[in-house]
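Student: Please take a close look at one part of this model, the place where two neighbouring parts of the chain meet, and describe what is there.

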Amino acid sequence: VPTRHFQFNVEWKKVTRLCHTKQLLTINGKYPGPMIIVNEGDNVQVKVTNQAARNTTIHWHGVRQLRTGWADGPAYITQCPIGTGKTYVYNFTVTNQRGTLLWHAHYSWQRASVYGAFIIYPRMPFPFSAPVQDHIPIIFGEWWNADVDAVENEMMLYGGGPNTSDAYTINGLPGPLYPCSIKDTLIQTVERGKTYLLRIINAALNDELFFAVANHTLTVVEIDSVYTKPFTTSAIMIAPGQTTNVLLTANQIPDASTGMFVMAARPYLTSVFPFDNSTTIGFLKYKTTQLEREKPPLPPYSLPSNLPSMEDTAFATNFSNQLRSLASADYPCIVPKEVEKRIITTIGLNLQDCPVNETCKGYRNKRFYASMNNQSFIRPSRSVLESHYWKLNTGYASDFPEKPPHVFNYTGVDPVAENMNTEFSTRFFEVHFGTKLEIVLQDTNFLNPENHPIHVHGHNFFIVGRGFGNFDIDKDPAGYNLLDPPERNTVAVPVGGWAAIRINADNPGVWFIHCHLEEHTSWGLAMGFIVKSGPESFQCLLPPPSDFPPC
Ligand code: C2O
Ligand code: CU
């Protein structure tokens with residue numbers, strides 16, 4: 001097995017955007033961070049050296065980490081942080097996976113600046129026919145003028161407050177709709193008549209995004225590193241933590257004076273909290289034989305007419321419904337047809353009374369928390385994977401409730417009338433190796449609209465069902481797609497609805513499940529599960545590496 005080595009230095013770097021200069025936590029001084037490109041089947045060794053006065057960890061989002069949970073990265077779930085001056089080598093093999101993923105810091109809100117693309121070239125040729133001229137990474141992020149640690153602290157202290165970035169970015173560039181940013185604009189050159197593979201990644205902290213390129217259609221061929229049945233769409237929706245590969249053919253006639261088309265990303269939902277509701281744009285530039293322009297055209301800019309408007313739930317639903325696994329002989333869809341265990345869990349926000357004599361910024365002088373089945377996740381103080389592996393069984397419990405605590409109408413709950421207080425706990429559930437598992441994620445949606453992209457570590461899952469309103473265990477399973485459901489690692493649960501996912505729990509270890517909106521995770525919208533090692537050696541977690549960071 002070929003080994004690919006990478007060196008990641010965690011270091012501060014002065015970066016300027018929107019005419020605002022600040023010290024940013026980076027990898028190797030890059031924002032966004034360096035791209036990792038490997039081949040399917042490679043052993044990957046990333047040596048992370050922490051040169052900043054901050055604890056950190058790195059997560060390889062969507063990489064399965066078969067038997068190598070020690071390299072997964074979420075702080076206090078699989079490992080303790082890498083301290084200042086310390087080094088840890090993330091060592092894992094990319095087995096039977098290919099496509100576009102991302103890596104990001106998995107400690108507090110460091111993902112704001114510590115993220116990048118993780119690309120796995122396939123062993124076999126692409127299963128689609130169009131010859132691909134080039135690969136174009138398109139990575140969405142957010143830029144804060146404020147210090148992100150301070151924003152996070154405020155959220156935690158007051159249970160709410162402004163959590164608004166100052167710009168969305170494409171490949172770290174805000175684009176000309178933001179102040180002072182004309183020079184920080186993505187201009188992507190293409191050749192007329194050629195087809196490109198856009199590797200689109202949403203690394204933003206807070207928002208599901210719509211993305212479109214003026215005049216062009218996009219053909220979706222892969223999501224979360226799994227091939228899909230190709231379909232052509234005017235725009236895509238992509239949640240934080242998700243990746244989407246699309247084919248774009250440069251088959252339009254560009255404006256003669258600029259040779260450019262606008263590409264744009266804006267949030268799907270923004271109305272609940274003061275999230276950023278602005279739009280980032282860049283340009284697709286057709287190569288011409290005439291004078292090449294390096295700069296974006298002069299304003300005004302019109303947004304692509306094919307960009308869905310904010311809160312276009314009809315578009316979001318229709319887009320999600322079109323996603324189907326390729327389910328071919330080479331890439332079969334191994335969705336469990338029967339399940340051995342079903343967990344039904346609410347996902348949503350809660351309101352907690354404000355401590356006496358304090359001011360809270362959640363809602364009606366209360367503070368926000370978030371929970372799954374009323375369990376607001378408290379981060380343990382040593383890694384659960386270690387506790388589990390060494391059979392210490394401390395710092396967590398294995399009794400995550402399999403059903404919601406009480407029966408009520410999950411959607412449209414009145415937060416003031418309902419008892420929204422949560423329990424604070426560190427609860428997981430345990431399954432034996434190979435369990436066929438179903439998890440139903442029910443949005444409680446008490447402040448409409450509320451959305452949650454739920455990410456599962458260590459496994460892909462199949463989205464067998466989705467719907468609006470309350471999940472009905474007597475009716476809804478009959479409508480599941482067990483033939484070609486989309487396979488992914490992050491699901492955007494429908495707003496005010498539910499999603500049912502199925503998992504082959506075939507990766508021994510401790511795996512985090514959480515909302516990929518950073519703020520909701522901080523408030524406790526998380527849980528996890530433990531897959532016990534099986535009797536055969538290939539079903540066992542490998543021992544921890546010798547440089548594993550101590551707590
Ligand atoms: Cu991309 Cu637990 O995260
Ligand atoms: Cu959420």
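Tutor: What follows covers the contact between domain 1 and domain 2, and then one helix. This is a predicted model, in which local features need pLDDT of at least 70, side-chain atom pairs count only at pLDDT 80 or more, and totals for chains, interfaces and linings use all residues. Residues are numbered from 1 along each chain as its sequence is written, and chains are lettered from A and ligands numbered from 1 in the order in which they are written.

The protein chain splits into domain 1 (1-124), domain 2 (127-329) and domain 3 (341-539), with bounds from an automatic or database domain assignment. Over C-alpha atoms, the centres of domain 1 and domain 2 are 22 Å apart. Domain 1 has 24 residues in contact with 31 residues of domain 2; contact requires C-beta atoms, placed from the backbone, within 7 Å. On the domain 1 side, strand 7 (99-105) and strand 8 (115-121) are the elements that give two or more residues, and strand 7 gives the most, with five residues. Strands (E, at least two residues) and helices (H or I, at least four) are DSSP runs numbered from the N terminus. By class, this side of domain 1 has 13 nonpolar, eight polar and three charged residues; Ala, Val, Leu, Ile, Met, Phe, Trp, Tyr, Cys and Pro count as nonpolar, Asp, Glu, Lys and Arg as charged, and the others, Gly among them, as polar.

Now the helix. Helix 1 (residues 148-158) is followed by Gly159, whose phi is positive, near 65°.

Conventions: Contact = placed C-beta atoms within 7 Å.
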